[in-house]
There are 2 protein chains.
Amino acid sequence: MNLRDLRYLLAVAEHEHFGRAARACGVSQPTLSVQIRKLEDLLGVVLFERGGKVAAPTAACRQLLDHARAAVAAAEAVLATARSLRDPLAGRFRLGVIPTLAPYLLPLVFGPLREALPALELEPWEDQTAALLERLRAHELDAVLLATDETAPDLMGVPLFAEPFMAALPPEHPLAAREAVAETDLARDILVLSDGHCLRDQALEACGQTTALGAALRASSLTTLLNMVAAGYGTTLIPGLAAGAAQDAGIVLRPLTTWTGRTIRIVWRAHFPQRPAAEAVGEVIARRLRGYTESTAATAA
Amino acid sequence: MNLRDLRYLLAVAEHEHFGRAARACGVSQPTLSVQIRKLEDLLGVVLFERGGKVAAPTAACRQLLDHARAAVAAAEAVLATARSLRDPLAGRFRLGVIPTLAPYLLPLVFGPLREALPALELEPWEDQTAALLERLRAHELDAVLLATDETAPDLMGVPLFAEPFMAALPPEHPLAAREAVAETDLARDILVLSDGHCLRDQALEACGQTTALGAALRASSLTTLLNMVAAGYGTTLIPGLAAGAAQDAGIVLRPLTTWTGRTIRIVWRAHFPQRPAAEAVGEVIARRLRGYTESTAATAA
DNA sequence: GGATCCCGATAGGTGGCGCCTATCGATATC
DNA sequence: GATATCGATAGGCGCCACCTATCGGGATCC
């Protein structure tokens, strides 16, 4: 049985006339007669009483009409829904963001994203790199914003902007007197985030260290880390976009003597069909941050 | 778009694997790949993300699945309903019966009909011949029980049984003393039903008359007519099946000297597809009344 | 790191079937 | 009895769903 057959059935039932129903369906009358006949054979039920002036639906036919209508309507709904989903820049877009980036980047880009991609329903999801990649591969996220450079054959992505690291010092710290700070100078009393944060590894690498101050002091969030620095527990490296939050916490910020930082990328599955949406989101973020990166570079210079 | 396409869509979405979905659908994997691809082109939407270990439904696809399921389910409902309607001796059967027959015949045949045709939902409808034929031609009735012999090219039917007329007399009437009564003897003071009842015309014809006693006295129902006879207003001819009701009303019944009566037929539209049901109903009624007719004939003889 | 396996896509060929036009048979109308 | 209308039938054509065979890519395994 076919949707076409059901449409023919509905047409004849409505018009009670094969010729007119055929015209309404855009086919010839013999076509309709044959198809209805086949449908009757298939169903084992006589659908129409021919011979009078009209082709009257039988009682059995009337009992089938509602189901037939429902089937045709549902099929139409598939088409209509598909039409509304056709725009790749529309629909839900679940974007994973690492915790050391999300609170500082998202406020900057929500506005431009809404403006540039009004039909895209952005759903941010905050987690650490490994968890984000797991969710991405499980199709629970559409794309992720990462600060690491690893590449995988099943994933692809593009760099969006470079985010410089800055030295974060307690106001009374000796290094706070300098214009710029060398990473190695921070190594002595640097504080880092807890395991799993990519920023932790990057900060340690920048300082040429592999271990940091006492494990008990490892902060589980950047906010906590900033509060610890402000309280004089030690120093740290923070990503540039967190500068505002750091200053609010009463921390002294100093550029590094040689540019050091991380590159933020947007990453999606290699076969992700909504790739245009991922690229568009990346483009909007990159454009919004272009000026920021340049001005920061200028300040550091 | 086709129901088959939707089934394929559902299969791939369920198995998340083209090969297994193909096996489940009973087609080859290339067939499924091509058809899904065509569906994607038609809808303008990518339905599955290929390339990983699994073929994962996209977000757009998931939004279509419910509609697709509804369409397939409705189509299945058409088939299932048709299967249950396949028996021509099942379903609603609207049977028109004339008023001078219905109250006396139906109690006799309801039982046998329920027993012989348990799946047939009999819906009796009582009205005069002309109205019944109108409703029959308008497909508002499936068959009618008539006492007239007219035939029409768009109708057909079979005789079921012959119903003798009997003379109905007030107890004190002079003719009540006789064993049998001649129709012509009744002519003097015969009462008849109102216009539209076929029994009216048949009674008048049997007596060789075309007019009857005063128009004001024309009874609108056989019950009223019997009451009028019992009250001494006059005589009448009644159909044999009403004998019981007549005697209950205190009327004297006498056979006619020469057999006179009417033939009850069941009539349906010439193109009525449920003809087997009409014939079966007729058969049950005829069989139930066979003994009656013979015994009546024996009584009259 | 080459061989192997698994996945979905592609190519080429074939049969079924839905569609057409032309025509018929039956029925209703004048 | 001639005409018009309706649905059924006949014959032919072209599309398309289906098959088998094969390909290309990616993961896995000695």
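This report walks through a predicted model of two protein chains with two DNA strands, taking the symmetry, then each strand, then one helix.

**How the two chains relate**

Turn chain A by 180 degrees, shift it by 0.1 Å along the axis, and it lands on chain B with an RMSD of 0.1 Å. The two copies are thus related as by a two-fold rotation axis. If you want a landmark for that axis, look at Ala71(A): its C-alpha, at 2.1 Å, comes closest among the residues of chain A.

**Around DNA strand C**

There are 17 residues around DNA strand C, and the nearest are Ser28(A), Thr31(A), Lys38(A), Ser33(B) and Arg50(B). On the DNA side, sugar and phosphate make up 73% of the strand C atoms that come within 4 Å of the protein. Sorted by class, the surface near this strand has six nonpolar, eight polar and three charged residues. α3(A) gives the largest share of that surface, with four residues.

**Around DNA strand D**

DNA strand D also has 17 residues around it, with Ser33(A), Arg50(A), Tyr8(B), Thr31(B) and Lys38(B) coming nearest. Here 74% of the strand D atoms within 4 Å of the protein belong to sugar or phosphate, and bases make up the rest. The elements that each supply at least two residues of the nearby surface are α2 (18-25) and α3 of chain A, plus α1 (3-15) and α3 of chain B. For strand D, the largest share, four residues, comes from α3(B). The class breakdown reads six nonpolar, eight polar and three charged residues.

Some polar contacts to the two strands:

| Protein side | DNA side | Distance |
|---|---|---|
| Arg4(A), side-chain N or O | strand C, sugar or linking oxygen | 3.4 Å |
| Gly19(B), backbone N or O | strand C, phosphate oxygen | 3.2 Å |
| Ser33(B), side-chain N or O | strand C, phosphate oxygen | 2.6 Å |
| His17(A), side-chain N or O | strand D, phosphate oxygen | 3.0 Å |
| Tyr8(B), side-chain N or O | strand D, phosphate oxygen | 2.7 Å |
| Gln35(B), polar side-chain atom | strand D, sugar or linking oxygen | 3.4 Å |

**Helix α5 of chain A**

Helix α5 of chain A covers residues 102-116; at 1.5 Å a residue, its 15 residues should span 21 Å, and the end C-alpha atoms are 20 Å apart, which agrees. Where does α5(A) bend? The bend is at Val109(A), by about 40 degrees, and Pro112(A) follows within four residues. Val109(A) is also one of the buried residues of α5(A), alongside Ala102(A), Tyr104(A), Leu105(A), Leu106(A) and Leu113(A). As background, an α-helix has 3.6 residues a turn, so residues three or four places apart point the same way.

Notes:
Residues are numbered from 1 along each chain as its sequence is written. Chains are lettered from A and ligands numbered from 1 in the order in which they are written. This is a predicted model: local features need pLDDT of at least 70, side-chain atom pairs count only at pLDDT 80 or more; totals for chains, interfaces and linings use all residues. Side-chain values use heavy atoms; hydrogens and water are left out. A residue is near a molecule or strand if one of its heavy atoms lies within 4 Å of it. A polar contact is a pair of N or O atoms within 3.5 Å; within protein, one must be able to donate a hydrogen and the other to accept it, and residues adjacent in sequence count only if both atoms are side-chain atoms. Ala, Val, Leu, Ile, Met, Phe, Trp, Tyr, Cys and Pro count as nonpolar, Asp, Glu, Lys and Arg as charged, and the others, Gly among them, as polar. The expected span of a helix is 1.5 Å times one less than its number of residues. The bend at a residue is the angle between axes fitted to the seven residues ending there and the seven starting there. Buried means under 20% relative accessible area, exposed over 50%, partly exposed in between (1.4 Å probe, protein chains only). Copies are superposed by least squares on the C-alpha atoms of residues with pLDDT of at least 70 in both.
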